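Me: I'd like to go through this model with you. Can we start with the ligand and then move on to the domains?

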Amino acid sequence: MHQYLRAAFWILVYLALVLTPLFVLLIGPRPLAGGFWVDLSLALGFAGTAMMAVMFLLTARFQRATAPFGIDLIYYFHRLASIGAFIFILLHPLLLVVRDPALLGAMHPAVMPWHLWAGTVSFAALAALMITSLWRKQLRIHYDEWRVAHMLLAVAALVLAVAHIAGVAHYSALSWKSGLWLLIALSCGATIVYVRLVKPLQMLRRPWRVVEVIEERGSSWTLVVRPERHAGFRFLPGQFAWLTLWSSPFAMKEHPFSISSSAEAVREVQFTIKELGDFTSRIGRVKPGTRVYLDGPYGTFSIDLSRAPGYVFIAGGVGIAPVMSMLRTLVDRGDRRPLQLFYAYHTWERLTFREELAQLKEQLDLEIVYVLSEPPPDWQGETGYLSEEIFARHLPADRAARECFICGPTPMIRVAERGLARQGVPPTHIHSELFDLV
Ligand SMILES: Cc1cc2nc3c(=O)[nH]c(=O)nc-3n(C[C@H](O)[C@H](O)[C@H](O)COP(=O)(O)OP(=O)(O)OC[C@H]3O[C@@H](n4cnc5c(N)ncnc54)[C@H](O)[C@@H]3O)c2cc1C
């Protein structure tokens, strides 16, 4: 319940931040009434700009504010709210022009006043932001370049929108009302300074060192890191952290990875990383002694946040990493609650943590159902892809009481969520971790 109250509090804070600037504009003398459509257009413009400004806070990874929701939900909301803000801002000029087409005359570049330029370029930046974010993969924009462009476009869109509001000075003609928008822009600036300067400085003062790089089955590597002259951090089993390797924390080159080690092993953190692209393909070449920086822990994908008489884990590929953290933690705590793991992989040969899982079966009350899409000829277990039928064959009788944790490729997560729900697991007991934030 406590968690729900905290979530409700932060939702109220969000609504207050978005709506306050709008209501403040209604205080004191107002401009001559322009009619319903003009007022609606202005309200949409102001609300859209306030929503845009709050995005800076939303994505700044403030641990207190993100904890009740989980970072993936925050990014999902950021995506939806951005689409909403974009529609509001698009409707702002559209409503004005539809009501009075003569306004289009003022939009000619030769005669356009500076504040209309500011508004137009702000909108163009926002449109570019939306297109490059919603279709980044289809446009083949590399994540690192996209991230830098995303920040620059967001700053440009907001600064120019505030300049537009100040230039038009409608509803915000009073200096203190213009000042409010300036304050909003400055708060966003302060958030950027915190995220890009203060936080990296804090990370620089708390470095970590790689002590071991372990080759795992399935083109994966486990990176073992220890804090250097500081106490490290406590984390919940299943959480993740942003890892900066081969560059400074100021470089915006961090990658998120689930912690795969036990939450009880406080002096050490392990990440298990599968070779996939430019960054992950070089992990095997990391030399012990290399300095790294961590930002974390984050996430709500943890057995410690969902107490239950037993758990079901569903992992696909390297999605086993946060599950290993939870299993290893349960071993260290001497936990004997019943556990079940569905682990989907291509081949038996490449199955990451195969040997350790066999050992964990001895130490825990753990049943494992392996699902292989390319099984060896003598394979007796489940084959193909994870499906509702496989759940129907193996889920325990007390499935409705258990909490389920799913991590793996997105299509597998969707199949598992549907399959578990159809097999009688309440949706509130199903937790998923997506490895694909954008
Ligand atoms: C919460 C979370 C936990 C994760 N845990 C693990 C784990 O335990 N083990 C593991 O192997 N992988 C994990 N991942 C995935 C891992 O972050 C990406 O595979 C890795 O960043 C890809 O980088 P690349 O340059 O090698 O690949 P690329 O080919 O450059 O990128 C592949 C895709 O990964 C994503 N990506 C790339 N760079 C970043 C970045 N800097 N930040 C966020 N996403 C990025 C993008 O969607 C991109 O399209 C996790 C992801 C998230 C969001």
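Reply: Sure. One term to begin with: a polar contact is a pair of N or O atoms within 3.5 Å. By that cut-off, an oxygen atom of the ligand pairs with a polar backbone atom of Lys274, at 2.8 Å. Keep in mind that this is a predicted model.

Me: Which atom of the ligand does Glu254 approach, and with what part of the residue?

Reply: A nitrogen atom of the ligand. Glu254 uses a backbone N or O atom, and the distance is 2.7 Å.

Me: And how far is Arg136 from the ligand?

Reply: 2.9 Å, from a polar side-chain atom of Arg136 to an oxygen atom of the ligand.

Me: How many residues surround the ligand in total?

Reply: 25. Glu254, His255, Pro256, Lys274 and Thr280 are the closest.

Me: OK, domains. Where are the bounds?

Reply: The assignment splits the protein chain into domain 1 (2-203), domain 2 (208-298) and domain 3 (303-433).

Me: How far apart are the centres of domain 2 and domain 3?

Reply: Their C-alpha centres are 24 Å apart. The contact draws 21 residues from domain 2 and 22 residues from domain 3.

Me: How much area is buried there?

Reply: About 1,800 Å² between domain 2 and domain 3. Carbon and sulfur atoms give 51% of that. On the domain 2 side, Arg217, Pro237 and Glu264 lose the most area to domain 3. Together they make up 36% of what that side buries.

Me: What about polar pairs across it?

Reply: 13 residue pairs are in polar contact between domain 2 and domain 3, counting pairs with both residues at pLDDT 80 or more. Which strands matter on the domain 2 side? Strand S2 (220-227) and strand S5 (269-274) each supply at least two residues of the side touching domain 3. S5 gives the most, with three residues. By type, that side of domain 2 has six nonpolar, eleven polar and four charged residues.

Me: How many salt bridges cross that interface?

Reply: Three, between domain 2 and domain 3.

Me: What does Arg217 pair with?

Reply: Glu355. Their side chains form a salt bridge at 2.6 Å, N to O.

Me: And the total count of salt bridges?

Reply: 21. One to look at is Lys137 with Asp436, where the closest N and O atoms are 2.7 Å apart.

Me: Where do Lys137 and Asp436 sit in the chain?

Reply: Lys137 is in the loop between helix H5 (114-134) and helix H6 (143-168). Asp436 is in the segment after strand S12 (430-433). The pair links distant parts of the chain, 299 residues apart.

Notes:
Residues numbered from 1 in each chain as written. Predicted model: local features only at pLDDT ≥ 70, side-chain atom pairs only at ≥ 80, totals over all residues. Heavy atoms only, no water. Domains from an automatic or database assignment. Contact = heavy atoms within 4.5 Å. Buried area = accessible area lost by both parts, 1.4 Å probe. Salt bridge = Lys/Arg side-chain N within 4 Å of Asp/Glu carboxyl O. Polar contact = N/O pair within 3.5 Å; in protein donor to acceptor, adjacent residues only side chain to side chain. Helix = DSSP H or I, 4+ residues; strand = E, 2+ residues; numbered from the N terminus. Nonpolar A, V, L, I, M, F, W, Y, C, P; charged D, E, K, R; others polar. Near = heavy atom within 4 Å.
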